[in-house]
Amino acid sequence: MSAALSIGGLHLRHPGTDRDVVRDLRMEVTPGEIVCLVGPNGSGKSTTLAALARELRPRRGAVRLDGQDVWSISRRQFARRVARLPQEPIAPEGLTVEQLVRAGRHAHQGLWRGWASEDASAVESALIAMDLLDVRKRTVETLSGGERRRAWLAMVLSQETEVLLLDEPTTGLDIRHEWEVLDLLRRIREERGVTLVLVLHQLDRAARLADRIAVFHRGRLYLHASPSECLNHETLRDVFGVDASLSGDSVSPQLTIRAPADPTRRL
Amino acid sequence: MFQTKPRVPTTTPLSPEFLRWQVLLRNHTMQERNGAPHAGVAPLLSVRRAGAKPAVSTHSIIVGILPAAEQLERKTEEFRTLYEEEIGHGSRALYDRGIEYLKTYYRDASSFDPHSITTMLSTESPALVGLEADPQCSLIFYVFDLDEKAEWGRFRCLQLDCTAVVHRRGPVYDNVWWHNALFHGKEDGMAVVQFLHRRTYDTRFGRLELVT
């Protein structure tokens with residue numbers, strides 16, 4: 001249950017605008033790989049994720065899932081294989097947590113296939129994984145920000161796809177839940193071989209979780225390599241504008257920021 | 001019926017010392033400055049503005065030099081190949097690879113076009129609009145650094161009178177565009193300006209001496 005993503009010469013522009021926010025992006029994500037997209041605000045990470053989820057049609061270039069252009073795959077078929085958690089999803093008013101998570105199974109339903117035991121099992125597993133059993137009957141709008149985030153994550157997990165695209169999945173979570181979510185993501189990759197592409201702002205978390213990091217800078221891919229190759233002093237200075245360094249090992253990396261930097265080189 | 005060929009602007013070669021200086025500067029930039037441009041490759045472009053006041057506008061630009069005509073397309077292909085090979089690893093990796101490649105590229109002045117220098121401008125920039133209206137222009141090079149003892153930093157005040165030719169496609173456009181792509185990625189909405197050299201003046205301390 002693994003899928004590869006191939007991004008070729010992608011130029012992305014939001015509808016109604018005349019400027020590309022992502023330019024000539026080329027990147028390969030191998031099956032079962034965890035890739036974290038990092039970069040300053042507005043550098044094109046979320047827009048890229050939207051294009052991977054075929055929610056934004058590229059102005060130029062293509063996204064391929066196992067070699068097939070994502071726009072040539074039916075919506076339902078795509079939803080069975082790829083799930084995306086946007087930055088700020090909005091649930092209809094009055095929807096309970098359980099109903100939201102059940103919605104993740106929608107793509108698996110069909111004319112001849114109703115609600116089945118594997119659907120119930122997937123929903124139950126997702127609720128347990130996200131520690132939501134106690135609040136399953138509550139409506140989504142009554143939850144705290146962190147609980148709401150976990151409810152949406154549970155919905156995405158219940159979709160049981162080969163690819164997960166997550167935009168800042170840990171934003172708003174307390175430390176314990178943040179670590180649990182990151183551990184869970186690593187676990188589902190190991191157990192199910194899921195391919196994961198995430199936007200993360202915390203560089204130390206990205207270094208801990210990712211096989212490779214894609215650093216975005218001004219709408220371009222600045223560097224796509226292992227965490228240790230990516231998160232060096234020069235990248236932190238040029239892309240993030242801080243005088244900082246990443247130390248420690250891959251299990252417990254530590255980011256030390258000393259001061260804002262005055263970059264000497266701007267790409 | 002008579003058919004008239006498009007008029008090719010007249011040009012004279014750049015002074016050998018100037019071209020050598022430009023090659024030396026670029027070599028130094030790649031070897032020692034990790035690609036950061038030196039003031040010697042960043043002249044002011046002076047463009048006429050017919051009927052406007054002031055009658056001249058001045059723009060800060062970065063200029064490049066072209067490979068000699070017989071090498072132009074081969075070098076373009078090398079830039080393009082380098083780009084295609086490296087862009088999947090990100091623009092930083094491409095930049096670093098580009099620097100490595102260019103460390104040995106800028107060596108011998110005889111490998112470069114002795115008649116022109118180039119720049120890239122946005123198709124909507126006032127400088128380009130001005131050059132299309134009147135291609136006669138000047139490039140003002142000014143380098144003055146009392147602490148710099150090396151050849152490239154020596155005091156220079158030069159005015160190069162040129163005729164601008166705007167390229168939106170073709171071999172010159174491709175060469176400059178792919179060279180630029182190594183450092184700044186693919187750029188839409190740009191035109192390449194080729195400044196065909198007519199004459200150079202040394203303008204130190206109020207002079208206006210023709211340089212041959």
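How many helices and strands does the secondary structure of chain B come to? In this predicted model, the count for chain B is five helices and eight strands.

**Figure 1. Overall fold of chain B.** The five helices and eight strands of chain B follow one another from the N terminus in the order α-β-β-β-α-α-β-α-β-β-α-β-β. A box of roughly 55 × 50 × 30 Å, taken along the principal axes, holds the C-alpha atoms of chain B. The radius of gyration of chain B is 18 Å, which agrees with the value near 17 Å for a compact globule of 212 residues. Of the contacts in chain B with a separation of 6 or more, 71% are between residues 24 or more positions apart.

**Figure 2. Surface and charges of chain B.** Buried residues account for 50% of the 212 residues in chain B. The accessible surface of this chain is about 11000 Å², and 54% of that area belongs to carbon and sulfur atoms. Chain B carries 25 positive and 26 negative side chains; the centres of the two sets are 6 Å apart.

**Figure 3. Surroundings of Ser15(B).** Ser15(B) is in the segment before helix H1 (16-32) of chain B. Is this residue buried or exposed? Ser15(B) has 7% relative accessibility and therefore counts as buried, the cut-off being under 20%. Leaving aside residues up to four places away in sequence, Ser15(B) touches Val211(B) and Thr212(B).

**Figure 4. The cis peptide bond at Pro54(B).** Pro54(B) sits in the loop between strand E1 (44-48) and strand E2 (56-60) of chain B. The peptide bond that leads from Lys53(B) to Pro54(B) is cis, with omega near -5 degrees. Most peptide bonds are trans.

**Figure 5. Overall fold of chain A.** Chain A contains nine helices and 12 strands. The C-alpha trace of chain A spans about 60 × 40 × 35 Å along its principal axes. For 267 residues a compact globule would have a radius of gyration near 18 Å, and the 19 Å of chain A agrees with this. Buried residues make up 55% of the 267 residues of chain A. Among contacts in chain A between residues at least 6 apart in sequence, the share that joins residues at least 24 apart is 64%. Chain A exposes about 11800 Å², with 50% of it supplied by carbon and sulfur atoms. The chain has 38 positive and 36 negative side chains, with 5 Å between the centres of the two sets.

**Figure 6. Two residues of chain A with positive phi.** Most residues other than glycine have a negative phi. Asp66(A), which is not a glycine, has a positive phi of about 45 degrees. Asp66(A) belongs to the loop between strand E4 (60-65) and strand E5 (68-69) of chain A, and at 42% relative accessibility this residue counts as partly exposed. Glu160(A) also has a positive phi, near 45 degrees. The loop that holds Glu160(A) joins helix H5 (145-158) and strand E7 (163-167) of chain A. Glu160(A) counts as partly exposed, with 32% relative accessibility.

**Figure 7. Confidence along chain A.** The average pLDDT of chain A is 88, and 95% of the residues score at least 70. Among the elements of chain A, strand E3 (residues 34-38) has the highest mean pLDDT, 97, and strand E12 (residues 254-260) the lowest, 78. Over residues 263-267 of chain A pLDDT stays under 50. For these residues the model has 20 contacts beyond four places in sequence. Where pLDDT is low, the predicted coordinates should not be read in detail.

Technical notes:
Residues are numbered from 1 along each chain as its sequence is written. Chains are lettered from A and ligands numbered from 1 in the order in which they are written. This is a predicted model: local features need pLDDT of at least 70, side-chain atom pairs count only at pLDDT 80 or more; totals for chains, interfaces and linings use all residues. Side-chain values use heavy atoms; hydrogens and water are left out. Helices (H or I, at least four residues) and strands (E, at least two) are DSSP runs, numbered from the N terminus. The radius of gyration is taken over C-alpha atoms; the globule rule is 2.2 Å times the number of residues to the power 0.38. Buried means under 20% relative accessible area, exposed over 50%, partly exposed in between (1.4 Å probe, protein chains only). Contact means heavy atoms within 4.5 Å. Accessible areas come from the Shrake-Rupley method with a 1.4 Å probe; for residues, only the protein chains shown count as cover. Lys and Arg count as positive and Asp and Glu as negative; His and the chain ends are not counted. The place of a charge is taken as NZ of Lys, CZ of Arg, CG of Asp or CD of Glu. pLDDT is the predictor's confidence in each residue, from 0 to 100.
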